[in-house]
Amino acid sequence: MQVSPFRVFTSLLRLELIESDSLREFASQVLAKRRIFTPGALALIDKHETDGGLSEPDAAEFIQQALETFRWHNTATVSLDEYQKLNVQHRLIADVVAFRGPHINHLTPRTLDIDAVQSGMPGKGITPKAVVEGPPRRQCPILLRQTSFKALEEPITFIGQGGSQSGSHSARFGEIEQRGAALTPKGRALYDRLLNEARDELGEFPNEANAVRYAELLEKAFQAFPDSHDEMRRQGLAYFRYFPTESGAAERASGSLEQLVEAGHVRFEPLVYEDFLPVSAAGIFQSNLGDNAQAHYATNSNQQDFERALGRNTLNELELYADTQRRSLEECAKALELSSPAY
């Protein structure tokens, strides 16, 4: 993420979760006919593989061809009746199946004060979702807080036997996020417990009617989570990157990690959480795509199916954060000429 801050989050449609056999078969047939890459993009991919690269003009053309894959289309590949059947099953299924390609449905700018964004949107004529997803406001942010503004209702032309049919579809919306410290397994367990306490006490899906009470319950529950980076570090609740200070390097300081930090020979900063939270993401999509009936937070995740569709194994984000922290300690030890990392 330090090299490139840009990411693309994608939705994987798992056909086996479509309850209706006939609808599942219909979706499979529609998707089998779809070609999401242009002939020009495929030809340039072949050229790259054959020649070992692309010329500058070809590279520029490839970018233009690739952009077509994610372009929004106001024409559907199914009839209005077929779309409505897909939509009843789930709006995300309709969003994936009924169109020519995997259009980008939202962009996610990052902010340092998501509460200011949330309260400021109505003044600019933008309707935000009812609650900010994630932990409550804190002095030292953790994980991820997200909000969004409602999806647009956009006119769509559907195919029909006697000609085209007019309808609409909601998909494109705006999402805003504020990122905090990446939590260790111990920190995540505490976060999950406190979040579940607040939601269990609320007893229903957070919405506009109970937004104030939900915020109060979150604040109350998360009083049990330390709100200082040093305390989170001491309790092993979050991951950090460590740096030797000029005084530490000059004095060739030694001692335990706590001694080095206390003496000012080593400083630290939290690792920023760079992933997303399934419960928060579900809240964002439920708010924007109309699936407000679902009040439970269980998931049907299947990592093996996801990796099979992706074509490669996925990395464990907790291992990546832990490895980054470990390497920073090793670099500190090297800079301070210690015989071993100051764990």
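This tour proceeds from the whole protein to a surface patch and then to a single arginine.

**The whole chain.** The structure on display is a predicted model. Begin by selecting the entire protein and colouring it by secondary structure; 14 helices and 8 strands should appear. The protein has 343 residues, of which 37% count as buried. Next, display the molecular surface. The accessible surface comes to about 19800 Å², and carbon and sulfur atoms account for 52% of that area. Contacts between residues at least 6 apart in sequence may then be considered: 69% of them join residues at least 24 apart.

**A patch on the surface.** Select I36, F37, L42 and I45. Together these residues form a nonpolar patch on the surface, and their combined accessible area is about 310 Å². Now centre the view on L42, which lies in helix α2, a helix covering residues 39-51. The relative accessible area of L42 is 41%. Because this value falls between the limits of 20% and 50%, L42 is classed as partly exposed.

**A buried arginine.** Move next to helix α9, residues 229-234, and select R233 within it. Is R233 buried or exposed? Its relative accessibility is 7%; since buried means under 20%, R233 counts as buried.

Which residues does R233 touch, leaving aside those up to four places away in sequence? Show the side chains of F240, Y242, L257, E258, V261 and F268, for these are the residues that R233 touches. With R233 and these partners displayed together, the tour is complete.

Terms used:
Residues numbered from 1 in each chain as written. Predicted model: local features only at pLDDT ≥ 70, side-chain atom pairs only at ≥ 80, totals over all residues. Heavy atoms only, no water. Patch = residues over 30% accessible without salt bridge, like charges linked within 9 Å, V, L, I, M, F, W, Y side chains within 5 Å. Areas by Shrake-Rupley, 256 points an atom, 1.4 Å probe, with all protein chains shown as cover. Salt bridge = Lys/Arg side-chain N within 4 Å of Asp/Glu carboxyl O. Helix = DSSP H or I, 4+ residues; strand = E, 2+ residues; numbered from the N terminus. Buried < 20%, exposed > 50% of the residue type's maximum accessible area, 1.4 Å probe, protein only. Contact = heavy atoms within 4.5 Å.
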